[in-house]
Amino acid sequence: ALLDARRRQRHILRVLELAKAPEYTFDIYPNPAVAEVRIRTSHKQCTAYVFDSSGKIALTGMASCPLNVSALPAGIYLVLLKDQDGFQSAAQRLIVR
């Protein structure tokens, strides 16, 4: 169990390391969410990555389309965007109820 906790912690730190050098920002609404969220950003061709508390990708989708979060367990998630040129956004926290 201790080894799993350490692996999880390292994985979360890697995810957060990716978020340290933001290239642009975005807004998530509604937040907290129940069914779906929308992302407002000036970069239209972005992929959204939703990470769970263990650092695993829980959901991906195009930022220009609503993301259906209704199948995700209630909790706090980390959302990052990446555009087609590889530029990454700042991290945003998403609460799913």
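This passage walks through a predicted model of a protein, from its overall layout to a few individual residues.

It helps to begin with the whole chain. The protein has 97 residues, and its secondary structure consists of one helix and seven strands. Read along the sequence, the elements follow the pattern α-β-β-β-β-β-β-β, with the helix leading and the strands coming after it. Of the residues, 33% count as buried. The exposed surface of the protein comes to about 6200 Å², and carbon and sulfur atoms supply 53% of that area. Contacts across the sequence also deserve a glance: among those between residues at least 6 apart, 55% join residues at least 24 apart.

The strands can now be taken in turn. Three of them form an open sheet in the order β1-β2-β5, with antiparallel pairing. Its edge strands are β1, residues 27–29, and β5, each of which pairs on one side only. Three bridges link β1 and β2 in the antiparallel sense, and one pair to look for here is Ile 28 with its bridge partner Ile 39 in β2.

Strand β3 offers further pairings. With β6, strand β3 pairs in the antiparallel sense over six bridges, and Thr 47 stands opposite Lys 82 of β6. With β4, which spans residues 57–62, strand β3 is joined by five bridges, and these two strands also run antiparallel. Along this pairing, Tyr 49 stands opposite Thr 60 in β4, while Phe 51 has Ile 57 of β4 as its bridge partner.

The turn that connects β3 and β4 is a good place to pause. Five residues lie between the strands of this hairpin, and Gly 55 takes a positive phi near 90 degrees there. Ser 54 lies in the same loop, between β3 and β4. The side chain of Ser 54 makes a polar contact with the side chain of Asp 52, at 2.7 Å. Beyond its neighbours within four places in sequence, Ser 54 is in contact with Arg 8, His 11 and Ile 12.

Attention then turns to the interior. The largest nonpolar core has 19 residues, and those with the most contacts inside it are Ile 39, Val 69, Leu 81 and Leu 94. The elements that give two or more residues to this core are β2 (36–40), β3 (46–51), β6 (75–83) and β7 (92–96). Ile 39, already met as the partner of Ile 28, is thus a useful landmark in both settings. Val 69 is another: setting aside residues up to four places away in sequence, Val 69 touches Ala 33, Val 34, Ala 35, Glu 36, Val 37, Leu 59, Leu 94 and Val 96.

Leu 67 makes a fitting last stop. This residue belongs to strand β5, residues 67–68, one of the edge strands of the open sheet. Leu 67 counts as buried because its relative accessible area is 5%, which falls under the 20% cut-off. Its surroundings come from several parts of the chain. Apart from neighbours within four places in sequence, Leu 67 is in contact with Ala 35, Glu 36, Val 37, Ile 39, Ala 48, Val 50, Leu 59, Thr 60, Gly 61 and Met 62. The case of Glu 36 shows how folding brings the chain together: Leu 67 and Glu 36 are 31 residues apart in sequence, yet their C-alpha atoms are 5.3 Å apart in space.

Technical notes:
Residues are numbered from 1 along each chain as its sequence is written. This is a predicted model: local features need pLDDT of at least 70, side-chain atom pairs count only at pLDDT 80 or more; totals for chains, interfaces and linings use all residues. Side-chain values use heavy atoms; hydrogens and water are left out. Helices (H or I, at least four residues) and strands (E, at least two) are DSSP runs, numbered from the N terminus. Buried means under 20% relative accessible area, exposed over 50%, partly exposed in between (1.4 Å probe, protein chains only). Contact means heavy atoms within 4.5 Å. A nonpolar core is a set of buried Ala, Val, Leu, Ile, Met, Phe, Trp, Tyr and Cys residues joined through side-chain atoms within 4.5 Å. Two strands pair if DSSP finds at least two bridges between them. A polar contact is a pair of N or O atoms within 3.5 Å; within protein, one must be able to donate a hydrogen and the other to accept it, and residues adjacent in sequence count only if both atoms are side-chain atoms. Accessible areas come from the Shrake-Rupley method with a 1.4 Å probe; for residues, only the protein chains shown count as cover.
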